[in-house]
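Thanks for coming. I will talk through one structure this morning, starting with a sheet and ending with the empty spaces.

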Amino acid sequence: MNGKTVKLRGGCVHHDHGILGAAAWDKAEYRRAKTLKNLGYNAIRYSHNPAGKNFLDICDELGLYVIDESFDQWKVPQSACDYALHFDAEWQKDVESMVSKDYNHPCVVMYCIGNEITDTGLPFGGMIAKMISAKFKALDPARPTMIAINSMLSTLAAMKAGQAAEKKEESENVGSKEVNDIVALLPKIMASITPDSLEAIIHDCVEAVDIVGYNYGHNLYEGTHERYPERVILSSETFPQRMASNWDKVMENDYVIGDFHWTAWDYLGEAGVGLPVYGTSKAPFSKSYPAFTANCGSVDLTGLPESTAMYTAILWGAYDKPYIGVRPVNHSGEAYALGNWRMTDSVSSWTWPGCEGRTAEIEVFSPGSEAELLQDGESLGRKPLDHGKANFETAYRPGTLTAVAYDANGKELSRSELKTAGEACKLTVLPEENRICAGDIVYVPIHLEDTEGNRNMSAERRISVKVEGEGELLALGSACPITEEKYQQDHFMAYQGRVLAIVRSTQTPGTIRVTAKAEGLEMGCAEIAVH
């Protein structure tokens, strides 16, 4: 970019805005983009559909690179009534609309012609890839095209097509859902696919584009580069657990231009793909009702950075203090399954009532060369950092954990603390803005806090919210991945000591008053000016 190499520090995002649903409010788009920018992201892959104009306006303003994506299916369906029904009639018009929308947005750095497309494993896939890429190029010669390949999907589609041809039967369709189920239970299968075996299937498809994106294909980079040294590779989707080693490959190899992990922000659907399961070491890709959100976001559904987000921020040099994450002490000693789409189940809490004496597993993510962890002032050890991470154990007791980061010469760089919160006694209403324009929306987190203002992440209360004056309650919810509650109600159960209200102002200047109540707690309120 302007003569300098820029590696893409990216994440994938879905179109929805959590408790707001699918509505693409300007404020919602800005808040998400700004949050990710502050966490060290410089790129977003809009997956798996074209981004809205307001999102692109915001990325232009903030300086975020965007991969804009066209299709999630071509001619072969992956589910009933999907876009494959309309592909032949609509694809050219949709590409024209997409380029027309993106053409004058400097944030858009490439067009993706398809994500995990079943057709890439079939003989006619290359012809379609050339057709779509050529259409993009005819309309916008300046921008490169790319494709996101799932090696397992392409291989399985080719295998089933071959078996059907031998039997002279119609081939059974395969889609991302089936592949993700296989990878969730048998992760080594995907890693067994070689560059040669995959290239024999997808070569015509990938030769049609400028950049080849591999979803979860870290094992393919080196072998592919040896055979095709001019190929530009993008890590279009990465398992969170592999972010550190994959980032090494991005930084060490000129031909790998960036990494996009799945996923930057939690979303509705694909229920429970990142939901921790306790009592077993294996779990399926999707989880059963009432699992509701994917629960695999580095940032949770309400916009709060989880441990994974802080880890990548430290990995990318965007955060300069140690971060303390604690695995759920109430599940200490249990078998558990995180799945491939979650890096850790640790949370930034040292409040585990009823767990005194149990073993606490603690993750410290930190800049520097070494990290030390202290419990109530006593050192639990000083350990070298492996890709910015060190693990500690101790018996849980209420108090204070302190993490200290050191450089290679043993000099202290920074430190951070994690305190046990007292019993929740009050609600605190914390609008993210105190003054908004008429007709706009405002995000209003509401916390369960102790007397000193510490959020108690173990507290559970049903919180009722009332909005008065020049505003109305648009949505209320939490980041809880398992719920039967509705985001359109005026009450919601707190999760990790927090709910989020989203309030819409009227078109009339004045004041909005937001009041939160819960049984046994001091109520909280805040006012927001509307101008």
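**A walk through the model**

Let me start with strand β21, residues 462–469, which is joined to β23 by 3 bridges, the two strands running antiparallel. Before going on, please keep in mind that this is a predicted model.

Which residues face each other across that pairing? Serine 464 has histidine 491 of β23 as its bridge partner. Isoleucine 463 stands opposite phenylalanine 492, again in β23. There is a general point to keep in mind here: side chains in a regular strand alternate between the two faces of the sheet.

β21 also pairs with strand β25, residues 510–517, and here 6 bridges join the two, again antiparallel. On that side, valine 465 stands opposite alanine 516 of β25.

Now the whole sheet. It is open and has 5 strands, in the order β19-β26-β25-β21-β23, with mixed pairing. Its edge strands are β19, at 435–436, and β23, at 491–493, each of which pairs on one side only.

Next, a helix. Helix α5 covers residues 151–167, which is 17 residues. From its first C-alpha to its last it reaches 25 Å, close to the 24 Å expected at 1.5 Å a residue. At the start of α5, a side-chain oxygen of asparagine 150 comes to within 3.0 Å of the backbone nitrogen of methionine 152.

Which residues of α5 are buried? They are Ser151, Met152, Leu153, Ser154, Leu156, Ala157 and Ala164. As a general matter, an α-helix has 3.6 residues a turn, so residues three or four places apart point the same way.

Two single residues now. The first on my list is glutamate 69, found in strand β3, residues 65–69. Is glutamate 69 buried or exposed? It counts as buried because its relative accessible area is 0%, and the cut-off for buried is under 20%. The side chain of glutamate 69 makes a polar contact of 2.7 Å with that of arginine 45. Another polar contact, of 2.6 Å, joins the side chains of glutamate 69 and histidine 48.

The other residue is leucine 304, in the loop between β9 and α11. Leucine 304 has 23% relative accessibility, so it counts as partly exposed, a class that lies between 20% and 50%. Leucine 304 and threonine 35 are 269 residues apart in sequence, yet their C-alpha atoms are 9.0 Å apart in space.

That leaves the empty spaces. In general, rolling a probe the size of a water molecule over the atoms shows where empty space is left.

I will take the pockets before the cavities. The largest pocket has a volume of about 1,100 Å³. It is lined by 43 residues, and those nearest its centre are Val347, Trp352, Met457, Tyr495 and Gln496. At least two lining residues come from each of β9 (277–278), α11 (307–315) and β23. So β23, an edge strand of the sheet I described, also appears in this lining. By class, the lining of the largest pocket has 23 nonpolar, 13 polar and 7 charged residues.

The second largest pocket holds about 490 Å³ of space. Of its 28 lining residues, His48, Asp72, Ser176, Asn180 and Glu270 are the closest to the centre. Histidine 48 is one we have met already, as a contact partner of glutamate 69. Which helix gives the most to the lining of this second largest pocket? That is α6, residues 176–185, with 4 residues. The lining of the second largest pocket divides into 7 nonpolar, 14 polar and 7 charged residues.

Finally, the cavities. There are 3 cavities of 30 Å³ or more. The largest cavity has a volume of about 80 Å³. Its lining consists of His17, Ile19, Ala28, Arg31, Arg32, Trp265, Leu301, Tyr443, Leu500 and Ile502. The elements giving two or more residues to that lining are α1 (26–38) and β24 (498–505), and the largest share, 3 residues, comes from α1. In the lining of the largest cavity there are 7 nonpolar, 1 polar and 2 charged residues.

The second largest cavity has a volume of about 50 Å³. Around it are Pro240, Cys296, Gly297, Ser298, Glu306, Thr308, Trp341, Arg342 and Met343. By class, that lining has 4 nonpolar, 3 polar and 2 charged residues.

That is the end of my tour.

Notes. Residues are numbered from 1 along each chain as its sequence is written. This is a predicted model: local features need pLDDT of at least 70, side-chain atom pairs count only at pLDDT 80 or more; totals for chains, interfaces and linings use all residues. Side-chain values use heavy atoms; hydrogens and water are left out. The expected span of a helix is 1.5 Å times one less than its number of residues. Buried means under 20% relative accessible area, exposed over 50%, partly exposed in between (1.4 Å probe, protein chains only). A polar contact is a pair of N or O atoms within 3.5 Å; within protein, one must be able to donate a hydrogen and the other to accept it, and residues adjacent in sequence count only if both atoms are side-chain atoms. Two strands pair if DSSP finds at least two bridges between them. On a 1 Å grid over the protein atoms alone, a cavity is a set of points where a 1.4 Å probe fits but cannot get out, and a pocket is an open set with protein on both sides within 12 Å along at least five of seven lines; lining residues have an atom within 4 Å of a point. Grid points are joined across faces, edges and corners, and a volume is the space filled by probe spheres set on the points. Ala, Val, Leu, Ile, Met, Phe, Trp, Tyr, Cys and Pro count as nonpolar, Asp, Glu, Lys and Arg as charged, and the others, Gly among them, as polar.
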